[in-house]
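This report concerns the empty spaces in a protein and the ligand that is modelled with it. The account begins with the enclosed space and then turns to the open one and to the ligand itself.

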Amino acid sequence: MCGEADPIRAWSRDKLSLLERYLGAYSRIMSKQKQSWLRSYSYIDAFAGAGRYLDEDTREYVDGSPFVALRCIPPFDEYRFIERSSSRLGELRARVEKEFPGREMRFYHGDANDILRQISREITYGSWRRAFVFLDPYGLELEYSTVCSLAEAHTFDVFVNFSVMGINRILQREKLPSSKTVELLQRVMGDSEWLDELYAVQPALIESHDRSFRGRLRAERVASQYAERVRRVFPHVSHPVLMRNSRDAPLYVLFLASHNGTAAKITNDIFSAFEQVRTGRRTPL
Ligand SMILES: C[S@@+](CC[C@H](N)C(=O)[O-])C[C@H]1O[C@@H](n2cnc3c(N)ncnc32)[C@H](O)[C@@H]1O
């Protein structure tokens with residue numbers, strides 16, 4: 001019934017290890033809160049995938065984020081999985097229902113932005129419920145307005161994968177971006193002011209008119225531009241961790257956004273430990 005697993009590489013395994021570490025800490029803290037004011041807490045995987053990958057280097061199967069969350073101890077009260085691909089959602093559902101019968105799970109087929117906006121109206125501050133949201137798109141599918149909706153609810157911790165590679169790919173070096181590209185970037189980043197910094201009008205040497213050239217896109221700078229916009233709506237944002245591929249090209253940054261300072265501090269500690277291992281290694285976390 002299940003199709004071929006999608007491939008996974010070392011940097012995605014690192015991402016899942018970081019997620020696992022944070023989820024363990026989050027769930028321990030929230031389960032204690034249930035002894036006082038908290039009614040329940042949920043795990044929401046907004047770009048859930050099919051739940052299983054094939055590691056192309058080791059040829060092993062690797063569990064994706066839904067399984068990382070389902071294996072977390074103490075368990076969450078409920079799990080929600082959102083996925084735009086019906087075949088991936090079907091595979092995921094079959095796998096998790098088989099392996100975790102009796103868990104409270106909901107499956108949503110559709111666009112994560114639309115569905116998260118609905119959920120953010122449901123898990124309200126006064127409901128005494130809270131949730132952790134994993135935002136792990138492949139590229140530029142996450143809209144800034146979705147992050148704003150989650151922030152406005154004051155009930156969500158969000159762990160974001162922001163695709164620096166996605167931004168780099170759609171911006172040409174010797175041409176200003178088309179209005180369609182600018183619209184997409186506005187949807188993802190919230191505005192396009194940061195583009196002015198990237199493109200400087202430089203006098204062309206041969207032609208009689210000026211042309212715009214994009215300066216080198218510094219991954220750290222784009223990541224901090226995005227984190228700065230997230231900080232406008234979430235008061236506590238962790239340091240970002242930049243993931244690169246085997247040729248050292250920047251892929252994406254991960255960071256946590258929360259209304260709780262302790263959450264950002266825990267994430268910074270987890271990320272610092274990861275950076276220390278990464279700089280001295282290559283042994284896994
Ligand atoms: C990077 S993968 C997710 C990996 C998963 N978090 C894991 O670690 O196992 C991104 C997934 O998002 C799905 N996707 C892409 N755009 C989407 C959208 N707008 N809404 C919901 N899912 C989407 C893709 O089909 C893909 O399965």
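## The largest cavity

Strand 8 supplies the largest share of the lining of the largest cavity, contributing 3 residues. The model is a predicted one, and the volume computed for this largest cavity is about 40 Å³. The count of cavities of 30 Å³ or more comes to 1.

The lining of the largest cavity is made up of Pro 137, Gly 139, Leu 140, Glu 141 and Leu 142, together with Asn 161, Phe 162, Ser 163, Val 188 and Tyr 226. Sorted by class, the residues of this lining comprise 6 nonpolar, 3 polar and 1 charged.

## The largest pocket

The largest pocket holds about 820 Å³ of space. Its lining numbers 34 residues, of which Lys 15, Tyr 53, Asp 136, Pro 137 and Tyr 138 are the closest to the centre of the pocket. Pro 137 therefore appears in both descriptions, since a lining residue is one that has an atom within 4 Å of a grid point, and Pro 137 is named for the cavity as well as for the pocket.

Several elements take part in this lining, with at least two residues each coming from strand 1 (6-8), helix 1 (10-33), strand 5 (78-83), strand 8 (156-163), helix 6 (164-170) and strand 13 (250-258). Among the contributors, helix 1 gives the most, with 4 residues. The lining of the largest pocket divides by class into 15 nonpolar, 8 polar and 11 charged residues.

## The ligand and its shell

Where does the ligand sit? The space that the ligand takes is the largest pocket. Around the ligand there are 20 residues, and those that come nearest are Ser 65, Glu 83, Arg 88, Asp 111 and Asp 136. The shell consists of 9 nonpolar, 4 polar and 7 charged residues.

## Polar contacts and cover

Two of the contacts involve nitrogen atoms of the ligand: a polar side-chain atom of Ser 65 lies 2.8 Å from a ligand nitrogen, and an N or O atom in the side chain of Asp 136 is 2.7 Å from a ligand nitrogen. On the side of Glu 83, a polar side-chain atom lies 2.5 Å from an oxygen atom of the ligand. Taken on its own, the ligand has 600 Å² of accessible area, and the protein covers 95% of that area.

Notes:
Residues numbered from 1 in each chain as written. Predicted model: local features only at pLDDT ≥ 70, side-chain atom pairs only at ≥ 80, totals over all residues. Heavy atoms only, no water. Near = heavy atom within 4 Å. Polar contact = N/O pair within 3.5 Å; in protein donor to acceptor, adjacent residues only side chain to side chain. Areas by Shrake-Rupley, 256 points an atom, 1.4 Å probe, with all protein chains shown as cover. 1 Å grid on protein atoms, 1.4 Å probe; cavity = no way out; pocket = protein on both sides within 12 Å on 5 of 7 lines; lining within 4 Å. Sits in = over half its atoms within 2 Å of the grid points. Nonpolar A, V, L, I, M, F, W, Y, C, P; charged D, E, K, R; others polar. Points joined across faces, edges and corners; volume = space filled by probe spheres on them.
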